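Please open the structure in your viewer and keep the selection tool at hand. The tour goes from one selection to the next, and at each stop the text says what is there.

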Amino acid sequence: MRRATLILTALVFALPISGIAQDKEAKIASALSAAPASITEGATVKDWDQTVLREGTNDWTCLPDMPDSPGNDPMCLDEPWLKWAHGFLNKTDFEIDRIGFGYMLAGGSPESNVDPFAEGPTADNEWLAEPVPHVMMIVPDEAMLEGLPTTPEGGGPWVMWRGTPYVHVMIPLPEYKM
Ligand SMILES: [Cu+2]
């Protein structure tokens, strides 16, 4: 009885704190599932509101699954991609001055291949219903991507969101296993 009371008291006091800690640990685990260990080992982990969940030692930043998107879309981004994400989320201008890579090895959310802000399929927005693990590449100038495939049908890399500030190359890794 006494022991039970003690355990109960411990639980009541421990739960709110461990709930937050678990949430933080879950977010870190989600973020780190986006890239290989060589990237994630030293990566900074941030939440989408910019809260630092874990300090890092390299130039990579990993973010957990976005809570309001339908798919599982944690990502590890380098500095050019962070600029991209900031511009995309805040709809502000940004300039890319070197090639950048982003890892999304957990997959992503269904999205349009041509309309960055589409929320569902339409007759002509090339809806991609089944996200696959992928690496993303951005370049300083869209002209560098001239001649590359613009749809995933061929099974290799393709240019997504062409003609928009968010244009990038999607490099699918369908067989990738962590
Ligand atoms: Cu992606």
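Begin by selecting strand 8 (134–138) together with strand 10 (168–172), which run antiparallel and are joined by four bridges. This is a predicted model, and that should be kept in mind at every stop. Within this pair of strands, M136 has M170 in strand 10 as its bridge partner, while V135 stands opposite I171 in strand 10.

Keep strand 8 selected and colour its residues by face: H134, M136 and I138 make up the covered face, whereas V135 and M137 make up the uncovered one.

Now add strand 5 (100–104) to the selection. Strand 5 and strand 8 pair in the antiparallel sense, this time over five bridges, and if you pick M104 you will find that its bridge partner in strand 8 is H134.

Next, return to strand 10 and add strand 9 (158–160), for these two strands also pair in the antiparallel sense, over three bridges. Here M160 stands opposite H168 in strand 10.

From this pair, step into the loop between strand 9 and strand 10 and select W161. Is W161 buried or exposed? W161 is buried, because 20 other C-beta atoms lie within 10 Å, and 20 or more is what counts as buried. The backbone at W161 also deserves a look, since W161 has a positive phi of about 55 degrees although it is not a glycine. Most residues other than glycine have a negative phi.

For a second residue of this kind, select E126, in the loop between strand 6 (111–112) and strand 7 (127–128). E126 has a positive phi of about 50 degrees, and it is not a glycine either. E126 is partly exposed, because the number of other C-beta atoms within 10 Å is 16.

Now turn to the interior and select A34, A35, C62, M75, C76, Y103 and M104, the residues with the most contacts inside the largest nonpolar core, which has 27 residues. The elements that give two or more residues to this core include helix 1 (2–32), strand 3 (61–63), helix 3 (79–90) and strand 5, and strands 8, 9 and 10 from the earlier stops are also among them. Strand 4 (75–77) is another of these elements, and it gives the most to this core, with three residues. In soluble globular proteins, nonpolar side chains tend to be buried together.

Within the core, centre the view on C62, whose place is in strand 3. Why does C62 count as buried? C62 counts as buried because it has 26 C-beta neighbours inside 10 Å. Leaving out residues up to four places away in sequence, C62 touches A31, L32, A34, A35, T40, A43, V45, P74 and C76. If you draw a distance from C62 to L82, the C-alpha atoms are 9.8 Å apart in space, while the two residues are 20 residues apart in sequence. From C62, move on to A35, which touches T40, C62, C76, Y103 and L105, again not counting residues up to four places away in sequence.

Finally, clear the selection and show the whole protein, which has three helices and ten strands. Followed from the N terminus on, the elements run α-α-β-β-β-β-α-β-β-β-β-β-β. Of the 178 residues, 24% count as buried, and of the contacts with a separation of 6 or more, 51% are accounted for by residues 24 or more positions apart.

Definitions and conventions: Residues numbered from 1 in each chain as written. Predicted model: local features only at pLDDT ≥ 70, side-chain atom pairs only at ≥ 80, totals over all residues. Core = buried A, V, L, I, M, F, W, Y, C linked by C-beta atoms within 7 Å. Buried ≥ 20, exposed ≤ 12 C-beta atoms within 10 Å, placed from the backbone. Contact = placed C-beta atoms within 7 Å. Pairing = 2+ DSSP bridges.
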